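User: I'd like to understand the reasoning behind the labels in this structure. Could you take me through it?

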Amino acid sequence: RVRRVAAAGRGLTPRAMRDLRSLLFALYQIVVTVTWALLVLLMFWLPARPRFRFISVWCRLNLWGARWICGIRHQVIGAANIPSGERLPPHIVMSKHSSTWETLALHMFFPPLAFVAKKELLSLPFFGWAFALASPITIDRKAGTDAMQQIATQGRARFQQGFWIVIYPEGTRIRAGTRAKYKTGGARLAPQLGVPIVPV
């Protein structure tokens, strides 16, 4: 029987193996996210940056799971172009967005990041509760032109706390290798706040 089970496992199609890995990763994420969210809620009293660094460990745990459960590998090109230095002013990071992966991975290469996100995310159980403590810039998409002012007001506050801002100029996830119309919000925000842009 043991031999038959082993043989059946080896006989999985690539699609079945992918689905199995995805299921295992989803279960891993549930355990990690619920556990980490509860720990983050206990850290509400920490200042913004130390609290963010604790929260960003969750990103690394998910990247670790993606690597060892799903087999996702990555290559970084141009990391030497990321500005660095002790008295470096805050920047706006304008990044392509094709999956959740790069949202997690950006934490590995930049100072503490404040993501511009829709406020509806804050209502998600566990994830949203912890995300609210990660100092995001949350906007009401129905606000129209006022959304830009929301970003600018919250952006100044995040800069004062030592965060950089992340904006996805295409506005949503776009399949890798394709392009959508770029929105001008980040390009207008940078001169308004007097900060440079780092394209990713």
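Analyst: Happy to; we will go through the sheet and then some aromatic rings, keeping in mind that this is a predicted model.

User: Let's start with the sheet. What makes S3 and S5 edge strands?

Analyst: The five strands run in the order S3-S2-S4-S1-S5, with parallel pairing, in an open sheet. Strand S3 (137-139) and strand S5 (197-199) each have a single partner strand, so one side of each lacks a neighbour in the sheet. From one strand to the next, the twist averages 25 degrees.

User: How do you know that S1 and S5 pair?

Analyst: Pairing needs at least two bridges, and strand S1 (residues 92-94) shares three with S5, in the parallel sense. In one of them, Ile92 is matched with Ile197 of S5.

User: Now the rings. Why is the pair Phe52 and Phe163 called edge-to-face?

Analyst: Their centres are 5.5 Å apart, and their planes stand at 90 degrees. The limits are within 6.5 Å for a pair and over 60 degrees for edge-to-face, so the pair earns that label. Phe52 belongs to helix H3 (residues 48-68) and Phe163 to the loop between helix H6 (146-160) and S4, so the contact ties together parts 111 residues apart in sequence.

User: And what makes Phe127 and Phe131 stacked instead?

Analyst: Here the planes differ by 15 degrees, with 5.6 Å from centre to centre; stacked requires under 30 degrees.

User: Why is Phe127 called partly exposed, and Phe131 buried?

Analyst: Buried means under 20% relative accessible area and exposed over 50%. Phe127, at 29%, falls in between, so it counts as partly exposed, while Phe131 has 14% and is therefore buried.

Key:
Residues are numbered from 1 along each chain as its sequence is written. This is a predicted model: local features need pLDDT of at least 70, side-chain atom pairs count only at pLDDT 80 or more; totals for chains, interfaces and linings use all residues. Side-chain values use heavy atoms; hydrogens and water are left out. Helices (H or I, at least four residues) and strands (E, at least two) are DSSP runs, numbered from the N terminus. Axes are lines fitted to C-alpha atoms, for helices over the stretch in contact, and angles run from 0 to 180 degrees between N-to-C directions. Rings of Phe, Tyr and Trp (its six-membered ring) pair if their centres lie within 6.5 Å; planes under 30 degrees apart count as stacked, over 60 as edge-to-face and the rest as tilted. Buried means under 20% relative accessible area, exposed over 50%, partly exposed in between (1.4 Å probe, protein chains only).
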